[in-house]
Amino acid sequence: MDLVELRKRRKALHWSKILPYLPYVFQSGVAVLLLILMIAFSAWYTRFLQHIPEGLPIGWIMLLLLGPAVIYSGFRTYIHPADSVFLLPQEASMSKYFRPAFWSGILYKLLGTYFILLVLWPLYQRSDGIRHSFWFWLIVLLLLKLAGAYGAWQELKIASHRARTGFRLLRWSVLLLLLAAWIWQPAWKSLLFLILVMVNYVLALRFPMKHRVPWENLIAAEKASAAKNMLVLGWFVDVPAEGQGVSPRRWLDWIGKRISWSRAGAYRFLLTKTLVRGELLGIGARLTILGAILVGWCGRTWLGLGLYLFFVFLIGAQLSVLRHAHRDSSAALYYPLPSGARKREAVSLGSRTLAGAAVMMWLPLLPQGDGPLIYLGGSLAAGLILVYAMRSNWNRKWREEEED
C-alpha cells in the first residue's frame with residue numbers, strides 16, 4: 001500500500017466533508033463581520049501607535065501574544081481507529097505517512113506566528129529596550145517553532161501519561177524562556193542561550209520510553225481535531241456530531257449534584273455534565289479570560305464596550321452548539337424526557353452560562369476610576385440585553401427547527 005497516496009486520499013475525503021458547509025458560513029454574515037472588525041481594529045491601532053502611553057510594557061505584550069503562537073503545535077494525521085490493526089504491519093514505514101503531517105503542521109502555524117509579528121512590529125519599533133532586526137526575528141521564530149513542533153511530536157510518542165504531561169510543561173517553559181531571552185537580551189547572548197537550551201531539550205527528549213507509532217494517542221488527537229472543526233461549523237449550520245474529548249473535572253462535580261433527580265431534570269443533568277466535562281467549557285473559559293483582559297485593558301471606552309459585546313456574542317455562538325449535543329447519540333434515549341425538554345434545557349443552560357460569562361468579563365471595569373459611571377452600568381446592561389436577544393433568537397430558531 002502506498003502510504004503517501006493513502007494520506008492524500010484521506011485528506012481529500014476530510015475536506016470533502018468540510019467544504020460543502022463553507023457557503024453557509026459566509027451566508028451567515030461572518031465574513032462581513034470579520035471585515036468590519038479588521039477595519040475597526042486597523043483604525044484603532046493606527047491611532048494607538050500615534051499616541052502610545054508612556055511606560056507601556058511592549059516586551060510583555062510581545063511575549064503574551066507571540067508566546068502562545070510559538071507554543072501551539074498540532075498535526076492532522078487522518079489516522080482511523082482501524083489503522084492500529086490494518087496498518088500495524090507497515091509500522092516501520094509509517095514515517096512516509098507522517099512526514100507531510102509534521103511539516104504542514106509547522107508551516108501553517110508559522111505563517112500565523114509571522115502574521116502576529118507583522119502586526120506587532122510597528123509597536124516593537126517604538127520600544128525603548130533592545131531591538132533586533134526583523135530578519136533575525138523571522139529566523140528565531142522559525143527555530144522556536146521547529147523546536148516546539150519536534151517536542152510536541154515526541155510527546156505523542158511517550159508511553160507514560162505522567163511523563164507526557166511533564167514534558168509538555170517543559171516544552172512550554174523552554175519556549176517561553178527562549179522567547180523572553182530574545183526579547184530582553186542582546187542578540188549574541190540570546191542566540192547562544194537559545195542554541196544551548198535547544199540542544200539540551202532535544203537530548204532530554206531521548207530519555208523517556210516511547211512507542212514507534214503511538215496509535216492510541218494519534219487516534220485520540222485526530223478525533224479531537226475533527227470534533228473541533230465540526231464544533232466551529234456547528235455555529236452556522238447543522239453538522240454531524242463528532243466525538244468530543246472528555247475531561248473529568250471533578251472539582252465541578254457539585255454542579256451536577258445540585259440538579260434534582262427527577263424526570264424533569266434528567267436532560268438538564270445530562271446536558272450540564274456534557275458542558276462541564278466537554279471541550280466547550282474550556283473554549284468558553286479561554287474566551288472569557290481573553291475578553292476580560294482586553295476589556296480591562298481598554299477601560300471605560302467605546303472600544304472596550306465594542307470588545308465586550310463582541311466577546312459576549314462570540315461565546316454565545318460557541319454555546320449555541322449545546323442544541324446539537326447528543327442529537328446523534330443513543331445516550332439521550334435512556335432518559336425519560338418530557339416533551340420539548342431538549343430545546344428548553346439547551347436554551348436555559350446556554351443563556352445562564354452566557355450571562356455568567358458576561359458578568360465576569362464586566363468585572364475588570366469595577367476598579368477603574370476613569371470614565372463616566374453611567375458607562376459601568378450601561379455596559380453591563382448592554383451585555384445582558386445581548387444575552388437576552390441571543391436567548392430569544394435560540395428559542396425562535398430552534399422552535400422552527402422542531403416544527404420542520
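Student: Glu-155, buried or exposed?
Tutor: Glu-155 has 4% relative accessibility, so it counts as buried. Buried means under 20% relative accessible area, exposed over 50%, and partly exposed in between, with a 1.4 Å probe and protein chains only. This is a predicted model, where local features need pLDDT of at least 70 and side-chain atom pairs count only at pLDDT 80 or more, while totals for chains, interfaces and linings use all residues. Residues are numbered from 1 along each chain as its sequence is written, and side-chain values use heavy atoms, with hydrogens and water left out.

Student: What does Glu-155 form a salt bridge with?
Tutor: Arg-171, with the closest N and O atoms 2.7 Å apart. A salt bridge here is a side-chain nitrogen of Lys or Arg within 4 Å of a carboxyl oxygen of Asp or Glu.

Student: Where do the two residues lie?
Tutor: Glu-155 is in helix H7 (residues 134-157) and Arg-171 is in helix H8 (residues 161-184), so the pair ties together parts 16 residues apart in sequence. Helices (H or I, at least four residues) and strands (E, at least two) are DSSP runs, numbered from the N terminus. Arg-171 is also buried, because its relative accessibility is 6%.

Student: How many salt bridges are there by this rule?
Tutor: The count is 3. Another of them joins Arg-10 and Asp-83, at 2.5 Å between the closest N and O atoms. Arg-10 is in helix H1 (residues 3-18) and Asp-83 in helix H5 (residues 83-86), 73 residues apart. Both Arg-10 and Asp-83 are buried.

Student: And what does Arg-76 meet?
Tutor: Glu-222, again in a salt bridge, 2.5 Å from N to O. Arg-76 sits in the loop between H4 and H5, and Glu-222 in helix H10 (residues 215-233), 146 residues away. Glu-222 counts as buried because its relative accessibility is 9%.

Student: Changing topic. How do H4 and H6 pack, parallel or antiparallel?
Tutor: Roughly antiparallel. The angle between H4 and helix H6 (residues 95-124) is about 175 degrees, and the axes are 10 Å apart. Axes are lines fitted to C-alpha atoms, for helices over the stretch in contact, and angles run from 0 to 180 degrees between N-to-C directions. Under 35 degrees counts as roughly parallel, over 145 as roughly antiparallel, 65 to 115 as roughly perpendicular, and the rest as oblique.

Student: Where is Pro-68?
Tutor: In helix H4 (residues 58-71). Pro-68 is partly exposed, at 49% relative accessible area. Its C-alpha is 9.2 Å from that of Thr-113, and the two residues are 45 apart in sequence.
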